[in-house]
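Work through the exercises below with the sequence and the model open. Each task is followed by a solution in steps.

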Amino acid sequence: MNEEINKTRGGAGRGQGRKALKPGEATVPVVIRMAGSQKDKLKGLGGPQWVRDRIDEAPDPEKK
């Protein structure tokens, strides 16, 4: 195979991967356990975005 062709292919691409939800803030995985029916309901409610919205809307428990 021609080695010059191989040098122009592959490698990391700019702008690849999941975009940040909030600029400058990294996301972390969180695992919770629930029943299958609850998982189905969560998906119908909007999944992870729905959970994030509820957390953002809730009062901060440390500011009481």
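**Exercise 1. Overall surface and fold**

Task: State how much surface the protein exposes, and what share of it carbon and sulfur atoms supply. Then describe the secondary structure.

Solution. The exposed surface comes to about 6800 Å². Carbon and sulfur atoms supply 53% of this area. The model is a predicted one. Its secondary structure consists of three helices and zero strands. Along the sequence this reads as α-α-α. Of the 64 residues in the protein, 2% are buried.

**Exercise 2. The second helix**

Task: Decide whether H2 lies largely in the open or not, using the number of its residues that are buried.

Solution. Step one: a residue counts as buried when its relative accessible area is under 20%. Step two: H2 has ten residues, and the number of them that are buried is zero. Step three: H2 therefore lies largely in the open. Just after this helix comes Gly46, which takes a positive phi of about 130°.

**Exercise 3. Salt bridges**

Task: Find how many salt bridges the whole structure has. For each, work out how the partners are placed.

Solution. Step one: the search finds two salt bridges. A pair is accepted when a side-chain nitrogen of Lys or Arg is within 4 Å of a carboxyl oxygen of Asp or Glu.

Step two: one of the pairs is Lys22 and Asp56, with an N to O distance of 4.0 Å. Lys22 sits in the loop between H1 and H2, while Asp56 belongs to helix H3, so the bridge ties together parts that are 34 residues apart in sequence. With a relative accessible area of 41%, Lys22 is partly exposed. Asp56 has 52%, so it counts as exposed.

Step three: Glu57 and Arg54 also form a salt bridge, and their closest N and O atoms are 3.5 Å apart. Both residues are in helix H3, three residues apart, so about one helical turn separates them. An α-helix has 3.6 residues a turn, so residues three or four places apart point the same way. Glu57 is exposed at 58% relative accessible area, whereas Arg54 is partly exposed at 34%.

**Exercise 4. The largest pocket**

Task: Give the space in the largest pocket. Then say which helix gives the most to its lining.

Solution. Step one: the largest pocket holds about 820 Å³ of space. Step two: its lining has 23 residues, and those nearest the centre are Leu21, Thr27, Val28, Pro48 and Arg52. Step three: H2 and helix H3 (47-57) each supply at least two residues of the lining. H3 gives the most, with eight residues. Step four: sorted by class, the lining has twelve nonpolar, three polar and eight charged residues.

**Exercise 5. A nonpolar patch**

Task: Name the residues of the nonpolar patch on the surface, and place Met34 in the chain.

Solution. Step one: the patch is formed by Val28, Val30, Ile32 and Met34, which together have about 420 Å² of accessible area. Step two: Met34 lies in the loop between helix H1 (3-7) and helix H2 (36-45). Step three: a patch residue needs over 30% relative accessible area. Met34 has 34% and is partly exposed. Val28 is also among the residues nearest the centre of the largest pocket.

Terms used: Residues numbered from 1 in each chain as written. Predicted model: local features only at pLDDT ≥ 70, side-chain atom pairs only at ≥ 80, totals over all residues. Heavy atoms only, no water. Patch = residues over 30% accessible without salt bridge, like charges linked within 9 Å, V, L, I, M, F, W, Y side chains within 5 Å. Areas by Shrake-Rupley, 256 points an atom, 1.4 Å probe, with all protein chains shown as cover. Helix = DSSP H or I, 4+ residues; strand = E, 2+ residues; numbered from the N terminus. Buried < 20%, exposed > 50% of the residue type's maximum accessible area, 1.4 Å probe, protein only. 1 Å grid on protein atoms, 1.4 Å probe; cavity = no way out; pocket = protein on both sides within 12 Å on 5 of 7 lines; lining within 4 Å. Points joined across faces, edges and corners; volume = space filled by probe spheres on them. Nonpolar A, V, L, I, M, F, W, Y, C, P; charged D, E, K, R; others polar.
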